[in-house]
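Visitor: I am new to this structure and would like a close look at a single part of it. Please choose one helix, and show me how its surroundings fit together.

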Amino acid sequence: MTKIGLEIHCQLTKLESKLFCYCKADYRDIPPNSNICPICMGLPGALPMLNKKAVEKATVLSLALGCQIPKQISFFRKNYFYPDLPKGFQITQYNAYGKTSIGSDGAIQIEGREIKIRRIQIEEDPGRLVYEGSSEKTQITLVDYNRAGTPLVEIVTEPDFENPRQVRIFLNILADLLENLDVSDPYLEGAMRVDGNISVEKANRVEIKNVGSFRDIEKALHFEITRQQSLVERNIPVVAETRHWDEARKITFSSRSKEEEQDYRYLPEADIPIIHLVQSKIEALKDNMPESVVAKKERYVKKYGITPQVGDVLSSDKFYSDLFEKAHTDTNAKEVANIITTDLMGVADTREKKIELKITPRHISDLADAILNNQITRNSGKLALQEMVKTGKSFSEIIVSLDLGNVNDESSLEKIIDEIFEEEKKAVLEARQNPDTVNYIVGKIMRKTKGKADPSTTLEIIRKKLSF
Ligand SMILES: [Zn+2]
């Protein structure tokens with residue numbers, strides 16, 4: 001049986017400063033090596049100061065994942081020598097001397113299956129290595145320490161996944177959760193990095209390191225299953241090792257041999273005291289936690305009669321569920337949900353596109369009301385939405401400028417119907433004998449009004465005129 005476990009590094013991107021110093025946590029778009037200080041560079045004599053907010057965010061995440069929170073947490077030095085690690089060790093958490101990492105023994109449900117969370121630990125991110133060309137063939141490696149010391153949580157699962165698809169579903173749920181908890185923006189480049197441990201039946205465990213996209217980790221795991229199975233079939237042993245994912249060639253390749261735990265020579269970080277967590281503080285964090293995605297979905301379904309499918313899509317995306325919360329009223333909630341999940345998500349499905357949207361809650365609310373009051377058809381509504389998204393103009397302005405309002409006052413509609421009757425005498429005769437053919441006439445009227453005629457009023461008038 002295939003067994004997969006994950007180690008996921010999530011940056012706490014919502015924090016202001018790094019984990020142990022005052023440098024900015026947001027290291028992106030800054031000239032290399034300009035967001036550093038003696039502490040995050042590990043200069044002799046510099047002492048780390050633990051970021052309290054990082055502990056709070058990590059606690060909230062641990063609570064949301066159903067983890068046990070210990071009474072006290074402590075930090076360890078994980079020693080290894082690598083150019084991205086200026087101190088020669090990484091400050092992290094370690095559970096060998098009792099459970100002192102911020103969370104342990106949690107779980108996430110995916111499709112009725114429980115994925116157990118072994119542990120959550122707070123640690124610092126190393127710097128960034130920039131290669132010239134590929135990491136295998138490069139002659140020059142540049143080091144940028146702007147990222148060194150930025151706050152991370154590492155989430156370690158049990159090997160509870162049976163296939164790569166479950167991994168991808170899990171990661172999507174986790175990303176939604178991180179976003180919803182305001183712990184991280186998982187869609188920032190490098191904010192979520194995944195290591196996958198995988199073994200097929202009769203094979204040693206292989207670790208795939210540091211994959212930056214969910215799609216790629218799924219592909220890398222698929223590749224590894226095929227590779228390991230074909231080795232097993234030929235009686236060639238699968239080497240226990242660390243492998244990397246080559247995005248361009250879509251293969252994993254062997255890198256350094258895997259360090260054993262003893263190689264890291266974990267030792268207690270003497271410069272950071274043991275931190276006692278106050279129970280009342282944890283309770284307060286729990287009480288102030290944002291509504292979970294699952295609870296939000298249930299509320300949408302129960303309170304507004306939104307279908308579970310729409311509720312699922314809406315609740316799992318923080319950007320769109322925030323928009324829904326601000327846009328809906330008690331009477332138009334269902335329509336607002338439909339507009340967001342079908343029409344708006346169709347226009348803006350990526351983070352970049354969402355940022356560009358010029359849409360406000362008022363736009364969506366006005367549009368939903370107009371559809372419900374029969375002032376505009378759903379089709380015209382789509383056009384109005386596209387215009388609002390592009391220009392930011394108000395709904396009433398767009399209705400006038402694009403001439404999208406419904407023709408549903410009976411007298412003007414009747415006039416149009418009379419005109420069509422005049423033009424389509426043969427069809428009218430046919431419809432009198434066979435009412436089933438009336439759709440042809442309705443179609444003509446729709447074309448003439450550019451889809452703005454209210455279908456039910458139209459049909460009613462025709463019925464009256466043809467007396468059937
Ligand atoms: Zn610093």
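Guide: Let's start where helix H3 has just ended: H3 is followed by Asn235, whose phi is positive, near 60°. Please keep in mind along the way that this is a predicted model.

Now step back into the helix itself. H3 spans residues 214-233. It has 20 residues, and from its first C-alpha to its last it reaches 29 Å, close to the 28 Å expected at 1.5 Å a residue.

Next, look at which way its side chains are turned. Ile217, Glu218, Ala220, Leu221, Glu224 and Gln228 are the buried residues of H3. Looking down the axis of H3, you will find these buried residues within an arc of 160°, so they line one face of the helix. The face turned away from that buried side carries Arg215, Thr226, Ser230 and Glu233, which are exposed.

What lies over the buried residues of H3? The cover includes strands E1, E10, E11, E12 and E13, together with helix H2. Strand E12 covers residues 242-246.

Those strands bring us to a sheet. E1, E10, E11, E12 and E13 belong to an open sheet of 8 strands, whose order is E5-E6-E9-E1-E10-E11-E12-E13, with mixed pairing. At its edges stand strand E5 (103-110) and strand E13 (251-254); each has a single partner strand, so one side of each is left without a neighbour in the sheet. On average, neighbouring strands here are turned by 30° against each other, direction ignored.

Strand E1 is a good place to pause, with E9 and E10 as its neighbours in the sheet order. E1 and E9 run antiparallel and are joined by 5 bridges, while 8 bridges join E1 to E10, also antiparallel. Glu7 shows both sides at once: it stands opposite Val156 in E9 and opposite Asp195 in E10. Gln11 has its bridge partner in E9 too, namely Leu152.

Helix H2, another part of the cover over H3, also meets this sheet. H2 lies across E1, E5, E6 and E10, and it runs at about 115° to E5.

With the helices and strands in place, we can turn to what they share. The largest nonpolar core has 57 residues, and Cys40, Ile120, Val153 and Val167 are those with the most contacts inside it. H3 is one of the elements that give two or more residues to this core, alongside helices H1 (52-64) and H2 (164-180) and strands E1 (3-11), E6 (113-124), E9 (151-157), E10 (192-199) and E11 (206-211). The largest share, 7 residues, comes from H2.

Take Ile120 as an example from this core. Leaving aside residues up to four places away in sequence, Ile120 touches Ala58, Leu61, Ser62, Leu65, Cys67, Ser101, Ile102, Gly103, Val153 and Ile155. Apart from this core lies another, of 25 residues, with Ile306, Leu323, Ala370 and Ile399 among them.

Leu323 leads us to a helix we can set beside H3. In helix H7 (residues 318-327), the buried residues are Ser321, Leu323, Phe324 and Ala327. They cover an arc of only 155° around the axis, which puts them on the same side of H7. Asp322 and Glu325 are exposed, on the face of H7 turned away from the buried side. The cover over the buried residues of H7 includes helices H5 (293-304), H6, H8 (333-347) and H10 (361-372).

H6, one of those covering helices, takes in residues 308-315, and Gln309 has its place there. Is Gln309 buried or exposed? With 10 other C-beta atoms within 10 Å, Gln309 is exposed. Between Gln309 and Lys297 there are 9.4 Å in space, C-alpha to C-alpha, and the two are 12 residues apart in sequence.

So, back to where we began: H3 has its buried residues on one face, covered by elements that include H2 and strands E1, E10, E11, E12 and E13.

Definitions and conventions. Residues numbered from 1 in each chain as written. Predicted model: local features only at pLDDT ≥ 70, side-chain atom pairs only at ≥ 80, totals over all residues. Core = buried A, V, L, I, M, F, W, Y, C linked by C-beta atoms within 7 Å. Buried ≥ 20, exposed ≤ 12 C-beta atoms within 10 Å, placed from the backbone. Helix = DSSP H or I, 4+ residues; strand = E, 2+ residues; numbered from the N terminus. Contact = placed C-beta atoms within 7 Å. Pairing = 2+ DSSP bridges. Axes fitted to C-alpha atoms, helices over the stretch in contact; angles between N-to-C directions. Expected span 1.5 Å × (residues − 1). Arc of directions from axis to C-beta.
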